[in-house]
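Biologist: I'd like a close look at one part of this model, please. Pick a stretch where the backbone pairing and the side chains can be followed together, and walk me through it slowly.

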Amino acid sequence: MKNKYICKKCNKFVASRNDEGEININPKSKKISLKGKEFRIVCKCGEENKINL
């Protein structure tokens with residue numbers, strides 16, 4: 001399981017997951033949405049990042 005999520009385009013922090021499964025999302029992200037078991041987070045640069053639960 002991945003613990004830290006970094007934007008592929010701009011290399012900035014997007015989200016992190018701790019040992020209990022809690023996800024901490026960067027509050028500076030443009031858009032955060034949940035679809036089923038997948039988080040979609042749009043970074044400041046416009047790149048869409050996906051996190052599966």
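Modeller: Let's start with a term: a salt bridge here is a side-chain nitrogen of Lys or Arg within 4 Å of a carboxyl oxygen of Asp or Glu. By that rule, searching the whole structure turns up one salt bridge. Bear in mind that this is a predicted model. The pair is E38 with R40, and their closest N and O atoms sit 3.2 Å apart. In general, side chains of opposite charge can pair when their charged atoms come close. As for exposure, E38 has a relative accessible area of 17%, and anything under 20% is called buried, so E38 makes the cut as buried. R40 comes out at 25%, which makes it partly exposed.

Now for the strand those two belong to. β5 covers residues 38-42, and it sits in the middle of an open three-stranded sheet whose order is β4-β5-β6, with antiparallel pairing. The edges are β4 (31-35) and β6 (48-52), each of which pairs on one side only. From one strand to the next, the twist averages 20 degrees. As background, strands of a sheet pair through backbone hydrogen bonds, either parallel or antiparallel.

Take the β4 side of β5. Five bridges hold β4 and β5 together, running antiparallel, and K31 is found opposite V42 of β5. On the other side, β5 and β6 are also antiparallel and are joined over five bridges. R40, our salt-bridge partner, turns up here again: it stands opposite K50 in β6. β5 and β6 make a hairpin with five residues between them, and G46 in that turn has a positive phi of about 100 degrees.

Next, follow the side chains along β6. N49 and I51 point to one face and are buried, whereas E48, K50 and N52 point to the other face and are not buried. That fits the usual pattern, since in a regular strand the side chains alternate between the two faces of the sheet.

N49 deserves a second look. This β6 residue has just 7% relative accessibility, so it counts as buried. A polar atom of the N49 side chain lies 3.4 Å from the backbone oxygen of E47. If you skip neighbours within four places in sequence, N49 is in contact with I6, C7, K8, V14, F39, R40, I41 and C43. So what does I51, which shares that buried face with N49, belong to? I51 is part of the largest nonpolar core, a set of nine residues that also includes Y5, C7, V14, A15, I23, F39, I41 and C43. Both β5 and β2 (13-17) supply at least two residues each to this core. In soluble globular proteins, nonpolar side chains tend to be buried together. C43 touches N49 too: away from its sequence neighbours within four places, C43 is in contact with C7, C10, K30 and N49.

Finally, β2 leads over to the other sheet. That one is also open and antiparallel, with three strands in the order β1-β2-β3; its edge strands are β1 and β3 (23-25), and its twist averages 15 degrees from strand to strand. β1 and β2 pair over three bridges, with K4 standing opposite S16 in β2.

Methods: Residues numbered from 1 in each chain as written. Predicted model: local features only at pLDDT ≥ 70, side-chain atom pairs only at ≥ 80, totals over all residues. Heavy atoms only, no water. Pairing = 2+ DSSP bridges. Helix = DSSP H or I, 4+ residues; strand = E, 2+ residues; numbered from the N terminus. Axes fitted to C-alpha atoms, helices over the stretch in contact; angles between N-to-C directions. Core = buried A, V, L, I, M, F, W, Y, C linked by side-chain atoms within 4.5 Å. Buried < 20%, exposed > 50% of the residue type's maximum accessible area, 1.4 Å probe, protein only. Contact = heavy atoms within 4.5 Å. Polar contact = N/O pair within 3.5 Å; in protein donor to acceptor, adjacent residues only side chain to side chain.
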